[in-house]
Amino acid sequence: MSNRCQTCGACCAMFTVLVDAAEINNKAGGYIAARLTALIGKNRYSMKGTEGRRKRCTALIGTVGQSVTCSIYAGRPTSCRMFLSAWELNTINPKCDLARESYGMFAFSAF
């Protein structure tokens, strides 16, 4: 089965994607380009594009709901790694369903 997130991407275009300061490459061991992040508070960062009111991660390529990919997938933030699609690993994720529904897609929990 192909990764169903590659036809979705709604979470990347709905939520603030938090980035731990230690993940940014201006710190030793960091791997996310600083130019892809935004300072959103004292020592708080997000992926650029998700910090404002209209959200869309700068690393998201493609059309939400059709075909998307993450340009930094192998080195994406921990918050992205921890965000599972609904029913991935048999776990409910209401945020995934909410994001999908906001873009006119069926919630995975409806299947």
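The following paragraphs lead from the overall form of this protein chain to its largest pocket. The model is a predicted one.

The protein chain contains 2 helices and 5 strands. Their order along the sequence is β-β-β-β-β-α-α, with the strands thus preceding the helices.

As for overall dimensions, the C-alpha atoms occupy a box of roughly 45 × 30 × 25 Å along the principal axes. The radius of gyration of the protein chain is 14 Å, which agrees with the value near 13 Å that a compact globule of 111 residues would have. Contacts within the chain may also be considered by their separation in sequence: of those between residues at least 6 apart, 50% join residues at least 24 apart.

Attention may now turn to the surface. The accessible surface of the protein chain amounts to about 7,000 Å², and carbon and sulfur atoms account for 55% of that area. Of the 111 residues, 33% count as buried, that is, they have under 20% relative accessible area.

The largest pocket encloses about 820 Å³ of space. Its lining is made up of 34 residues, and those nearest the centre of the pocket are Cys5, Cys11, Cys12, Cys80 and Phe83. Strand S5 (67-70), helix H1 (78-82) and helix H2 (94-102) are the elements that each give two or more residues to this lining. By character, the lining residues of the largest pocket comprise 22 nonpolar, 7 polar and 5 charged.

Methods:
Residues are numbered from 1 along each chain as its sequence is written. This is a predicted model: local features need pLDDT of at least 70, side-chain atom pairs count only at pLDDT 80 or more; totals for chains, interfaces and linings use all residues. Side-chain values use heavy atoms; hydrogens and water are left out. On a 1 Å grid over the protein atoms alone, a cavity is a set of points where a 1.4 Å probe fits but cannot get out, and a pocket is an open set with protein on both sides within 12 Å along at least five of seven lines; lining residues have an atom within 4 Å of a point. Grid points are joined across faces, edges and corners, and a volume is the space filled by probe spheres set on the points. Helices (H or I, at least four residues) and strands (E, at least two) are DSSP runs, numbered from the N terminus. Ala, Val, Leu, Ile, Met, Phe, Trp, Tyr, Cys and Pro count as nonpolar, Asp, Glu, Lys and Arg as charged, and the others, Gly among them, as polar. The radius of gyration is taken over C-alpha atoms; the globule rule is 2.2 Å times the number of residues to the power 0.38. Buried means under 20% relative accessible area, exposed over 50%, partly exposed in between (1.4 Å probe, protein chains only). Contact means heavy atoms within 4.5 Å. Accessible areas come from the Shrake-Rupley method with a 1.4 Å probe; for residues, only the protein chains shown count as cover.
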